[in-house]
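Welcome! Here are some short exercises to work through with the model open beside you. Try each task yourself before reading its solution.

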Amino acid sequence: MLSVTALVENGLVREVELAEGGEDDLTRYSAEERREHIIFRKLVALVPELTSATATGDYLDTVASIQHGMDGARADDTKGLKEPMIDWITPMGGQLNPAIKRNKKAERGFQHDVTGALLCPVELNWDNDEVKVGLRIGELTVAADSWPRFMYRDNAYDPENPWKGLLRGKLLVTAFKHIFTSPTSVDDGSRATRAGNARIHGMTSVTPGSIAYVATQVRFALSSAEVFSRSDTAMNSAGFYDVLLELLTDEEDKEEIDALFAWWNRQVFPNSSAVQARVPTATSALARIRAARAARRATQ
């Protein structure tokens, strides 16, 4: 969802600015720039070749290789979700009416009642015929910050509490498992029959980027768009991803975000030490300490 060349070049400029300022203070930059710079530093730390290449200024080949790998992985994920998505949205023991071909995209999106309902922005009513027609003919455009209904638990949106159920939709969890913990874990819970991307790369908890990425992939898989591209103005996948990432890294929503990540980790990494550390046994000393602390705060 990002250009590695732009990420590295912007990161190098900021590093020079920070060095000239004599202190490592990122607060001078916008929230988006700070988030981008944190990603830049993580990338440099993860790729030893990039560290030396940026020092000499000869980094274009390394960056191109990284971008090629990222684009290839994203294309594999996009292709991998295309067919099983139809299985996931088909009622158990039933069928879609009309049927959707597993290997076709044209019949999806707002053209089909099921995918249309899942993609419909929560602020609109899919059951309203005018809304349905408007979305189908493009008279109603969907902004990047208009959350589709599939992003909410049970596809239910509460306008009075927009955080309620957000990013807890079943399709999201299913797609996350398919991409990160292997396709076989979708049906067998945490028991994957072959190593997935998460295990291979030592991933034991979700990240803002991984959740935003999966939501973007699900949105595309449900749509009628044929090509996943950063320049696609109709789907605006890049804009959708960026808005989601901004929300999930917003310090002002830290309480809701922490609760969301804890929920996600219980769904997809139930055996990780991080989850076990955050969910103490009900009668443990840690649980009693937290209960006592909560009681004290309630009386203050």
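## Exercise 1: Two asparagines in loops

Asparagine 236 sits in the loop between α11 and α12. This is a predicted model, so please read each value as computed from it.

**Task.** Find the sign of phi at asparagine 236, and decide whether this residue is buried, partly exposed or exposed.

**Solution.**
- Step 1: Phi of asparagine 236 is positive, about 50°, although the residue is not a glycine.
- Step 2: The relative accessibility of asparagine 236 is 29%. Buried would need a value under 20% and exposed one over 50%, so asparagine 236 counts as partly exposed.
- Step 3: Now try asparagine 155, in the loop between α7 and α8. Its phi is near 60°, again a positive value in a residue other than glycine.
- Step 4: Asparagine 155 has a relative accessible area of 34%, so it is partly exposed.

## Exercise 2: An unusual peptide bond

**Task.** Which residue is joined to asparagine 97 by a cis peptide bond?

**Solution.**
- Step 1: Look in the loop between α5 and α6, where proline 98 is placed.
- Step 2: The bond between asparagine 97 and proline 98 is cis, with omega about 0°.

## Exercise 3: The two pockets

**Task.** Describe the lining of the largest pocket, then that of the second largest pocket.

**Solution.**
- Step 1: The largest pocket has a volume of about 2,200 Å³. It is lined by 48 residues, and those closest to its centre are Ile39, Thr207, Gly209, Ser210 and Tyr241.
- Step 2: Several elements give two or more residues to this lining, including α1, α4 (60-82) and α11 (208-222). The biggest contribution comes from α2, with ten residues.
- Step 3: Sorted by class, the lining of the largest pocket holds 26 nonpolar, eight polar and 14 charged residues.
- Step 4: The second largest pocket holds about 510 Å³ of space. Among its 20 lining residues, Trp88, Ile89, Thr90, Lys170 and Leu171 are the closest to its centre.
- Step 5: Two or more residues of that lining come from each of α5 (84-89), α6 (113-119), α8 and α9 (185-188). The classes are ten nonpolar, four polar and six charged.

## Exercise 4: Rings around phenylalanine 240

**Task.** Classify the pair formed by the rings of tryptophan 147 and phenylalanine 240: stacked or edge-to-face?

**Solution.**
- Step 1: The structure holds eight aromatic pairs. In this one, the ring centres of tryptophan 147 and phenylalanine 240 are 6.2 Å apart and the planes meet at 80°, so the pair is edge-to-face.
- Step 2: Tryptophan 147 belongs to the loop between α7 (129-137) and α8, and phenylalanine 240 to helix α12, so the pair ties together parts 93 residues apart in sequence.
- Step 3: Both tryptophan 147 and phenylalanine 240 are buried.
- Step 4: Phenylalanine 240 has another partner: the charged end of arginine 219 sits over its ring, 4.4 Å from the centre.
- Step 5: Compare lysine 105, whose charged end sits over the ring of phenylalanine 220, 3.9 Å from its centre.

## Exercise 5: Helix α13

**Task.** How far does α13 reach from its first C-alpha to its last, and which of its residues are buried?

**Solution.**
- Step 1: With 15 residues, α13 reaches 21 Å, close to the 21 Å expected at 1.5 Å a residue.
- Step 2: The buried residues of α13 include Ile257, Leu260, Trp263 and Trp264.
- Step 3: Trp263 and Trp264 also belong to one aromatic cluster with Phe176, Phe180 and Phe269.

Terms used. Residues are numbered from 1 along each chain as its sequence is written. This is a predicted model: local features need pLDDT of at least 70, side-chain atom pairs count only at pLDDT 80 or more; totals for chains, interfaces and linings use all residues. Side-chain values use heavy atoms; hydrogens and water are left out. On a 1 Å grid over the protein atoms alone, a cavity is a set of points where a 1.4 Å probe fits but cannot get out, and a pocket is an open set with protein on both sides within 12 Å along at least five of seven lines; lining residues have an atom within 4 Å of a point. Grid points are joined across faces, edges and corners, and a volume is the space filled by probe spheres set on the points. Helices (H or I, at least four residues) and strands (E, at least two) are DSSP runs, numbered from the N terminus. Ala, Val, Leu, Ile, Met, Phe, Trp, Tyr, Cys and Pro count as nonpolar, Asp, Glu, Lys and Arg as charged, and the others, Gly among them, as polar. The expected span of a helix is 1.5 Å times one less than its number of residues. Buried means under 20% relative accessible area, exposed over 50%, partly exposed in between (1.4 Å probe, protein chains only). Rings of Phe, Tyr and Trp (its six-membered ring) pair if their centres lie within 6.5 Å; planes under 30 degrees apart count as stacked, over 60 as edge-to-face and the rest as tilted. A charge sits over a ring if NZ of Lys or CZ of Arg is within 6 Å of the ring centre and within 35 degrees of the ring normal.
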